[in-house]
Amino acid sequence: MNWRTIIYVILLVSLTVVKALPRSYRDIEEKTSIGQRFSQLQEKNFKAIAMIMFAQHVQGGTFGKAVKMAEDVTDLAKKCAAAARGNPDCLKPLDRIFLDTICQEENLPRFTDCCAKKDPERNDCFLSLKNSSRGFISPFERPNAEAACKNHSQHQHSLTGYFIYEVSRRHPFLYAPTILSVATRYDEMMKNCCGRAEDPTHNLEECFRRQAPKVVKPVKEDGLRQEHTCGILKKFGERTIKALKLAQISQKFPKADFVTVNKLVMDIANMHKDCCRGEMLDCMHDREEILHYVCTNQDILSSKIKKCCEKPLLQRSECIVNAENDDKPADLSPHVREFIEDKGICERFAQEEDTHLARFLYEYSRRHPEFSAQMLLRIGKGYEDLLKECCKTGAPDDCFSRGEEELKKHIYETESVMKTSCDIYKEKGDYYFQNELLMSFTKKMPQLTSAELIKFTKQMTAIGSKCCQLSQDKLLPCAEENLDLVLGEICRRHLTDPINPGVCHCCSSSYALRRPCMGKLEIDENYVPLSLTPGLFTFHEDLCTTEDEKLQHKKQEMLINLIKYKPQITQEQLTSVTAAFTAMREQCCKEENREACFVKEGPELIKRSEKMLSA
């Protein structure tokens with residue numbers, strides 16, 4: 001079977017790829033050999049997934065090289081499945097076989113240092129080289145619609161294969177099932193838009209513009225969430241991931257008992273460990289096992305996932321994650337006072353510390369779907385600190401009740417922060433709300449580039465648009481959990497290129513406290529402000545553009561430079577400088593020779609602004 005045919009068939013059978021894996025494999029042995037994997041998946045599926053893995057590891061490699069390595073590893077798998085069980089290569093772990101294949105390739109100097117290491121350090125080295133930042137690989141060139149349809153009609157199968165390769169190397173942390181699902185959507189878009197190309201009333205460009213977001217959205221969102229989860233696991237460890245998943249699952253399935261929820265937490269944590277190590281086949285199998293368990297145990301888990309479990313396998317996971325939380329049990333008491341008032345509480349904490357804390361987090365989370373998972377983790381941490389303090393010999397009698405007051409205070413403060421932010425958003429709208437964020441974050445993180453500050457604050461503004469319209473019981477989970485993704489992105493940026501000690505502290509000390517920590521950051525006192533060089537503020541006739549988005553972008557770049565030049569700027573000073581700039585812009589945009597006006601008036605504005613800022 002040639003490569004083009006394999007790519008075509010993978011799209012037809014991708015919905016059943018993972019079902020080929022036996023659910024009882026963990027009962028047989030911890031890791032499955034390459035020959036067994038090949039037999040379970042069959043050649044077409046094994047080969048396509050192998051290509052995804054190679055494209056994700058060797059992002060700068062050509063399509064031809066990814067195909068060649070996939071074919072080499074598939075040939076070995078085929079031999080191992082047939083009769084070569086005595087071959088020592090057949091007994092190697094799968095991840096080692098894939099990395100050996102890469103290290104045997106010529107003309108891959110970027111991986112020389114990694115290939116010199118021994119496992120598991122070699123695998124860690126390869127993972128550290130994965131780069132998901134925009135610009136590392138040039139963005140997709142959007143082809144002419146007619147040319148794309150012509151290419152699709154002549155080379156449909158290889159074109160879809162090439163799409164899989166391009167998506168994989170641009171999104172090195174994206175799970176294979178997501179990539180296969182996106183490839184199916186891509187193929188559907190091409191067929192839908194190109195199928196009516198001969199119709200004179202059919203607008204090809206408009207068709208692609210309308211349908212492309214359905215293809216691109218899951219790539220961006222799933223890729224970000226997967227990288228985010230792996231970042232938490234790497235930085236804060238397995239205990240934090242388990243606590244996060246315990247809070248989320250307890251909220252989603254409040255009728256499930258603690259043992260059932262804990263089983264799911266352990267399974268999901270193990271899945272993330274496999275996925276984040278790059279063990280793609282094990283990752284896929286783990287995911288399928290969890291989905292099978294959830295869908296076959298709906299009666300004890302949730303009444304809200306029936307439709308999700310009827311969907312094709314590749315759509316099932318996303319549906320369950322986005323499903324509504326199930327209704328709380330009717331007999332669930334509103335409080336968990338037994339975790340404070342029971343006389344044997346300190347003894348239980350001493351005997352089974354983590355289990356006791358997990359039970360508290362489970363019971364509290366299932367009662368509070370209106371709280372974010374991050375807030376629930378902070379409450380769990382507060383409870384742990386309370387036990388450590390109040391279970392000491394000689395602790396005051398009112399120790400636990402004082403802890404309760406601290407909890408109420410924290411809940412009130414968190415809700416107030418979110419309410420205030422939404423009030424400002426509703427009052428100011430997208431553009432001016434983003435400007436408020438730009439002022440705040442440029443002072444906190446002046447080391448970020450203008451492009452980075454605009455990107456991060458734009459994402460935060462989008463959260464306001466999405467969450468501030470929701471009811472009070474949905475606001476906090478929406479706002480803080482989405483904001484957590486943006487802060488995770490900032491922290492990963494910090495890891496690759498350190499920002500400043502304040503950001504370092506917030507990104508390193510505690511996952512649960514990351515958002516409040518970032519909120520409390522003030523002006524970076526160690527930052528050396530920008531000098532007022534001739535190129536810092538330049539004014540040209542492009543400021544007269546009638547395109548709002550372009551003008552707003554230029555004004556935001558100036559705002560950032562102004563704050564980097566004068567971090568201590570007051571609101572009054574900013575208002576004065578802004579008014580002076582607006583007056584100059586209006587004056588010059590009325591002139592016949594706009595550029596000459598800006599050349600003359602620009603330096604004068606800078607002089608006046610300096611006086612305002614030094615007043």
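**Exercise 1. Finding the annotated domains**

Which residues does the UniProt annotation "domain: Albumin" cover?

*Solution.* Start with the record: the UniProt annotation "domain: Albumin", from an unreviewed entry, covers residues 23-216, 217-409 and 410-607. Next, turn to the model, which is predicted. In the span 217-409, the end C-alpha atoms are 39 Å apart, and the span is 75% helix and 0% strand. In the span 410-607, the end C-alpha atoms are 47 Å apart, with 74% helix and 0% strand.

**Exercise 2. Two helices that cross**

Describe how helices α22 and α23 meet, working from their axes to their side chains.

*Solution.* First, locate the helices: α22 takes in residues 399-444 and α23 residues 450-467. Their axes come within 9 Å and cross at roughly 145°. Second, give the hand of the crossing, which is right-handed. Third, list who takes part. From α22 come Tyr425, Asp430, Phe433, Gln434, Leu437, Leu438, Phe441 and Thr442. From α23 come Leu453, Ile454, Thr457, Lys458, Met460, Thr461, Gly464 and Ser465. Finally, sort the contact by class: 8 residues are nonpolar, 6 are polar and 2 are charged.

It helps to look at the numbering while you do this. An α-helix has 3.6 residues a turn, so residues three or four places apart point the same way.

**Exercise 3. Three disulfides, step by step**

Find the hand of the disulfides Cys193-Cys207, Cys275-Cys283 and Cys544-Cys589, and say whether their cysteines are buried or exposed.

*Solution.* The structure holds 17 disulfides, and these three are among them.

- Cys193 and Cys207: the sulfur atoms are 2.1 Å apart. The torsion about the S-S bond is about -85°, so this disulfide is left-handed. Cys193 sits in helix α10 (residues 176-194) and Cys207 in helix α11 (residues 204-236), 14 residues apart. Both Cys193 and Cys207 are buried.
- Cys275 and Cys283: the S to S distance is 2.1 Å. With 85° about the S-S bond, the link is right-handed. Both Cys275 and Cys283 are buried.
- Cys544 and Cys589: the S to S distance is 2.0 Å. The torsion is about -95°, so the disulfide is left-handed. The pair links distant parts of the chain, with Cys544 in the loop between α26 (514-520) and α27 (548-565) and Cys589 in helix α28 (residues 571-590). For burial, the cut-off is under 20% relative accessible area. Cys544 has 11%, so Cys544 is buried; Cys589 has 19%, so Cys589 is buried as well.

**Exercise 4. A cysteine without a partner in reach**

Why does the sulfur of Cys504 form no bond with the closest cysteine sulfur?

*Solution.* Begin with the neighbour: the closest cysteine sulfur belongs to Cys507. Then check the distance against the cut-off, since a disulfide needs sulfur atoms within 2.5 Å. The sulfur of Cys504 is 7.5 Å from that of Cys507, so the gap is too far for a bond. As for its surroundings, Cys504 is partly exposed, with a relative accessible area of 32%.

**Exercise 5. A helix and the loop after it**

Which residues of helix α17 are buried, and what does Asp326 touch?

*Solution.* Start with helix α17 (residues 313-322), whose buried residues are Leu313, Leu314, Arg316, Ser317, Cys319 and Ile320. These buried residues pack against α10, α12 (238-252), α14 (280-296) and α16 (306-309).

Now move to Asp326, in the loop between α17 and α18 (338-341). Its relative accessible area is 5%, so Asp326 counts as buried. Leaving out residues up to four places away in sequence, Asp326 touches Lys252, Pro254, Lys255, Leu301, Ser302, Ser303 and Lys304. For a sense of folding, compare Asp326 with Arg366: they are 40 residues apart in sequence and 9.7 Å apart in space, C-alpha to C-alpha.

**Exercise 6. Two backbone exceptions**

Where do Pro120 and Asn107 lie, and what sets their backbone apart?

*Solution.* Recall the general rule: most residues other than glycine have a negative phi, and most peptide bonds are trans. The peptide bond from Asp119 to Pro120 is cis, with omega near 10°. Pro120 lies in the loop between α7 (112-115) and α8 (121-129).

Asn107 is not a glycine, yet has a positive phi of about 60°. Asn107 is placed in the loop between α6 (94-104) and α7. With 68% relative accessibility, Asn107 counts as exposed.

Methods: Residues numbered from 1 in each chain as written. Predicted model: local features only at pLDDT ≥ 70, side-chain atom pairs only at ≥ 80, totals over all residues. Heavy atoms only, no water. Axes fitted to C-alpha atoms, helices over the stretch in contact; angles between N-to-C directions. Helix = DSSP H or I, 4+ residues; strand = E, 2+ residues; numbered from the N terminus. Left-handed = near helix turned anticlockwise from the far one by under 90°. Contact = heavy atoms within 4.5 Å. Nonpolar A, V, L, I, M, F, W, Y, C, P; charged D, E, K, R; others polar. UniProt positions renumbered as here; feature names shortened; annotations may be inferred. Buried < 20%, exposed > 50% of the residue type's maximum accessible area, 1.4 Å probe, protein only.
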